[in-house]
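Me: I am new to this structure and would like to know what stands behind the words used for it. Could you walk me through a few of them?

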Amino acid sequence: MMEQSWRRLATAQMALVLLGSLRCTGLAAAETTPLVEFDIPYAVACRDATTSEFREKNPEHKLIEAQFEVSTLLREGKEDDLQQITVSLSSPRQRLRVEDFAPRTELHCDVKGEIKVVEKSEDIKTSDASLGGAISGDIGPVKAKISPVLGGVKTRKNATEENFTKLPPKQVLVAAGTTNRGHGVVFKLKPSTQASLQGQKQYRCTFVVPKGWRADYLLVECRAEAQPRRPFYERAECGERQVCVGLYIEGDSEAHQAAQEVGESFESYIDIVQQRQQASDCDLPGLLKHVPGGMFLCSLADSDHRRRQKQTTEAEKQVRSATENIVRFAN
């Protein structure tokens with residue numbers, strides 16, 4: 001009998017645990033944080049956009065125009081949970097000065113046309129007057145006091161109606177401006193009922209460069225932020241990408257090759273650094289230290305750590321070599 005009671009208790013506890021886990025799983029699925037991925041090309045061709053007016057005022061410089069295409073993909077979650085997406089471009093060595101950019105700051109409104117407003121007000125005034133006197137006397141066995149009253153009520157009502165129209169409120173759809181003392185530009189995209197944050201979007205920049213310019217590179221950073229899950233909580237980052245994009249004058253194959261090498265070498269370096277960071281977060285040697293035969297496994301982990309460190313050093317050298325090589329085309 002006692003054994004059956006323990007079995008029933010154990011079964012009930014297992015059912016409660018299973019139910020709790022299902023509830024937690026459902027809650028986690030309902031509150032999935034969005035996961036955003038970005039795709040950016042390694043190299044971008046630039047066209048000569050120098051005008052005759054600019055050439056007369058700046059004989060030693062020219063204008064180049066670069067058009068960046070950034071793709072945004074929502075891997076997990078809902079787009080309604082996204083707060084904003086930020087795309088920033090900057091010249092690390094301040095060799096590229098921003099002359100113009102697009103898109104510019106843009107406001108958006110869901111209401112078409114003007115809003116008609118009707119305001120009504122009423123003014124009511126009331127006056128009351130009375131006139132009376134007191135007469136005392138005996139009415140049978142009861143003494144009575146009679147007060148005759150003469151009065152009146154006067155009411156005046158005034159109604160006023162005002163009709164006017166006003167412009168509907170607007171919200172920021174795109175906010176854009178220069179950074180890094182004019183050597184960079186940032187774009188902030190907000191969600192809208194009329195446009196999606198996903199898909200491929202174009203960003204155009206016009207730079208001032210030396211007259212003999214053929215190639216250089218920019219640092220491009222993309223970041224997505226999600227709506228806070230609870231009031232007074234900060235926004236959570238739900239996607240980030242940092243790439244080095246090589247720029248080259250269109251039609252120059254040698255400059256194109258140099259720009260491509262900068263983008264590819266930087267991408268390889270970022271991948272190796274991320275893998276090394278994930279391995280260090282795991283702390284495998286610390287976990288294996290007290291496991292039977294763990295010393296041998298620790299030695300293997302240390303060997304893997306040295307291998308990753310060597311890969312990181314080599315990747316750094318490749319990035320340095322590629323950036324030094326492209327400087328030859330930037331003057």
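**Strand 15 and its surroundings**

Reply: Gladly! Strand 15 (residues 236-249) is mostly covered, with 10 of its 14 residues buried. This is a predicted model, where local features need pLDDT of at least 70, side-chain atom pairs count only at pLDDT 80 or more, and totals for chains, interfaces and linings use all residues. Residues are numbered from 1 along each chain as its sequence is written, and side-chain values use heavy atoms, leaving out hydrogens and water.

Me: Why is threonine 86 called buried?

Reply: Buried means under 20% relative accessible area, exposed over 50%, and partly exposed in between (1.4 Å probe, protein chains only). Threonine 86 has 5%, so it is buried. Its place is in strand 4 (residues 82-90); strands (E, at least two residues) are DSSP runs numbered from the N terminus, as are helices (H or I, at least four).

Me: How do you know that strand 14 and strand 15 pair?

Reply: Two strands pair if DSSP finds at least two bridges between them. Strand 14 (residues 215-226) and strand 15 are joined by 12 bridges and run antiparallel, so they pair. One of the partnerships sets arginine 223 against glutamate 240 in strand 15.

Me: What makes strand 2 a partner of strand 15?

Reply: Strand 2 (residues 43-48) meets strand 15 over four bridges, in the parallel sense, so the two-bridge minimum is met. Here valine 44 stands opposite leucine 247 in strand 15.

Me: Which residues does valine 245 touch?

Reply: Contact means heavy atoms within 4.5 Å. Not counting residues up to four places away in sequence, valine 245 touches ten, including Phe68, Tyr217 and Val220.
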